[in-house]
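This report goes through the fold, the surface, the helix contact and the salt bridges of one protein chain. The sequence and the coordinates come before the text.

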Amino acid sequence: MKESTLAKITASVAAAKGMAQKALASSPNPEWTESEMRSIDEWIALQDVKLDRPEAIRRLVELGLKGKSK
């Protein structure tokens with residue numbers, strides 16, 4: 001049995017809404033460039049404690065926010 005036109009339209013609208021929500025949502029996981037990753041790794045190497053990348057990024061953000069002046 002062929003899918004009805006209404007069912008096709010409904011499915012298309014649902015798919016479009018889902019794609020729009022993904023596109024408009026802010027992502028907490030940005031795509032890092034190779035240069036940015038290298039800079040983060042270099043910063044990690046300069047620290048007195050061993051850090052993984054997520055912890056290093058959290059600390060860098062914290063430092064950046066503390067240094068931000070208004």
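The sections below run from the whole chain down to single residue pairs.

## Model and fold

The model is predicted. Its protein chain has 3 helices and 0 strands, and the order along the sequence is α-α-α.

## Surface and burial

The protein chain has 70 residues, of which 9% count as buried. Its accessible surface is about 6,500 Å². Carbon and sulfur atoms account for 58% of that surface.

## Packing of α2 against α3

The axes of helices α2 and α3 come within 10 Å of each other, with a crossing angle of roughly 90 degrees. Angles of 65 to 115 degrees count as roughly perpendicular, so α2 is roughly perpendicular to α3.

On the α2 side, the contact is made by Met37, Ile40, Asp41, Trp43 and Ile44. On the α3 side, the residues are Arg53, Ala56, Ile57, Arg59, Leu60 and Leu63. By residue class, the contact of α2 with α3 holds 8 nonpolar and 3 charged residues, and no polar ones.

## The salt bridge between the helices

The whole structure contains 5 salt bridges. One of the pairs found is aspartate 41 with arginine 53, where the closest N and O atoms are 2.6 Å apart. Aspartate 41 belongs to helix α2 (residues 34-45) and arginine 53 to helix α3 (residues 53-67), so this salt bridge ties together parts that are 12 residues apart in sequence.

How exposed are the two partners, aspartate 41 and arginine 53? Buried means under 20% relative accessible area and exposed means over 50%, with partly exposed in between. Aspartate 41 has a relative accessibility of 30% and therefore counts as partly exposed. Arginine 53, with a relative accessible area of 38%, is also partly exposed. Both residues also appear in the contact of α2 with α3, Asp41 from α2 and Arg53 from α3.

## Salt bridges within α3

Glutamate 55 forms a salt bridge with arginine 58, and the closest N and O atoms of this pair are 3.1 Å apart. Both residues lie in helix α3 with a spacing of 3 residues, about one turn of the helix.

Glutamate 55 also forms a salt bridge with arginine 59, with 3.0 Å between the closest N and O atoms. These two residues of helix α3 are 4 residues apart, again about one turn of the helix. Through shared partners, the salt bridges join Glu55, Arg58 and Arg59 into one network.

Within this network, glutamate 55 is partly exposed at 26% relative accessibility. Arginine 59 has a relative accessibility of 35% and counts as partly exposed. Arg59 is also among the α3 residues that make the contact with α2.

Technical notes: Residues numbered from 1 in each chain as written. Predicted model: local features only at pLDDT ≥ 70, side-chain atom pairs only at ≥ 80, totals over all residues. Heavy atoms only, no water. Buried < 20%, exposed > 50% of the residue type's maximum accessible area, 1.4 Å probe, protein only. Areas by Shrake-Rupley, 256 points an atom, 1.4 Å probe, with all protein chains shown as cover. Salt bridge = Lys/Arg side-chain N within 4 Å of Asp/Glu carboxyl O. Axes fitted to C-alpha atoms, helices over the stretch in contact; angles between N-to-C directions. Parallel < 35°, antiparallel > 145°, perpendicular 65-115°, else oblique. Contact = heavy atoms within 4.5 Å. Nonpolar A, V, L, I, M, F, W, Y, C, P; charged D, E, K, R; others polar.
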